[in-house]
Amino acid sequence: MDERVHPEVRRIADEIDTMEIRGAATIADAVARALRTQAEESDAIDPGAFRGELRAAARTLYETRPTAVSLPNALRYVLRGMSSTTVEGLRQNVVESADEFCARLDRAQADLGHVGANRLRDGDVIMTHCHSTDALACVEAAVEQGKHIEAIVKETRPRNQGHITASELHEMGVPVTLIVDSAARRYLNDVDHVLVGADAVAADGSVINKIGTSGLAVNARDRGTPIMVAAQTLKLHPGTMTGHTVDIEMRDTDEVIDDETLAELGNPTVKNPAFDVTPPRYVDAIVTERGQFPPESIVILMRELFGEGTTEPWVEP
Ligand SMILES: O=C(COP(=O)(O)O)[C@H](O)[C@H](O)COP(=O)(O)O
């Protein structure tokens with residue numbers, strides 16, 4: 001571990017790694033705040049040392065989880081603000097960029113919520129997978145508009161993030177039916193929209209989200225149920241414009257089965273991918289704070305936002 005990295009940044013990195021901090025938007029908010037702390041607490045004596053410290057902190061955060069592109073996008077946003085030639089000026093740059101980033105994130109989610117809410121009608125039933133703050137912002141806005149929405153919530157094995165979704169929908173006054181993941185197809189006939197979030201959206205409109213999203217989308221398409229992805233532009237993956245693919249995180253097998261039970265089964269191989277890729281043909285709309293897009297046209301928005309490429313400011317020059 002790099003000694004220059006502040007203990008608070010390490011703590012946040014650990015919590016992202018163990019998923020106490022999870023979900024793409026929440027991770028982005030946490031890493032921006034972590035960089036802010038690193039800058040505030042830095043005792044670097046010259047601008048070069050300060051930049052090196054911030055790079056080291058960013059690298060520690062970057063290496064926690066590979067799939068949610070909101071993480072590197074947040075690091076880029078905060079670090080690209082470093083333009084001053086003095087330590088005090090650089091500190092100020094980072095604090096301001098981090099604050100601006102977090103405020104924009106909140107605003108984007110609220111704006112996206114209003115766009116998504118327009119797709120939902122009074123009396124609609126949605127089906128959710130995992131827990132997405134962007135997706136729930138759409139439901140919240142619809143409820144605030146006075147619409148009655150009901151939800152069928154998939155539990156989302158192995159980590160059961162569906163429980164968080166069920167509890168937050170309940171707090172909004174949305175009646176919830178909780179189902180096991182394998183019951184999704186059975187209940188799709190009762191559903192008006194599948195509503196999920198995204199960890200990354202690729203330039204071709206593919207959606208990378210919690211494992212099980214692609215199977216749900218294929219089944220929904222088969223039943224004619226529209227699939228709506230709520231993803232603020234922070235989830236757009238700039239690297240995919242230049243041919244890079246999205247790395248799918250493989251997590252520990254102990255999330256799936258404990259060692260004792262595994263041994264009783266004769267120690268079969270266990271695979272635990274955290275995410276999957278839903279091709280654009282199974283997605284009806286990607287809802288962002290900039291409006292809704294058919295997945296195939298998302299690349300136009302990406303070019304506008306990122307140009308043709310991006311930097312990796314956590315890499316040593
Ligand atoms: O797949 C997940 C979370 O996976 P994990 O639990 O493994 O982090 C969420 O759907 C997206 O991150 C979007 O969330 P949000 O809309 O809150 O950014």
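How many ångströms separate the centres of domain 1 and domain 2, taken over C-alpha atoms? In this predicted model, the figure is 26 Å. Allow me to place the two domains along the chain before going further. Domain 1 covers residues 7–109, and domain 2 covers residues 113–306.

I turn now to the contact between them. Domain 1 brings 16 residues to this contact, while domain 2 brings 23 residues. On the domain 1 side, three helices each supply at least two of the touching residues: H2 (24–41), H4 (70–79) and H5 (87–119). Helix H2 gives the most, with 4 residues. As to the chemical character of that side of domain 1, 9 of its residues are nonpolar, 6 are polar and 1 is charged.

My second topic is the ligand. Which residues come nearest to the ligand? Of the 18 residues around the ligand, they are Ala25, Ser132, Thr133, Asp134 and Gly197. The shell around the ligand draws on both parts of the chain, with at least three residues from domain 1 and at least three from domain 2. In terms of secondary structure, at least two residues of the shell come from each of H2, helix H6 (133–144) and strand S6 (207–210). By class, the ligand shell holds 7 nonpolar, 7 polar and 4 charged residues.

To close, I would draw your attention to helix H2. This helix gives the most residues to the side of domain 1 that touches domain 2, and H2 also supplies at least two residues of the shell around the ligand.

Technical notes: Residues are numbered from 1 along each chain as its sequence is written. This is a predicted model: local features need pLDDT of at least 70, side-chain atom pairs count only at pLDDT 80 or more; totals for chains, interfaces and linings use all residues. Domain bounds come from an automatic or database domain assignment. Two residues are in contact if their C-beta atoms, placed from the backbone, lie within 7 Å. Ala, Val, Leu, Ile, Met, Phe, Trp, Tyr, Cys and Pro count as nonpolar, Asp, Glu, Lys and Arg as charged, and the others, Gly among them, as polar. A residue is near a molecule or strand if its C-beta atom, placed from the backbone, lies within 6 Å of it.
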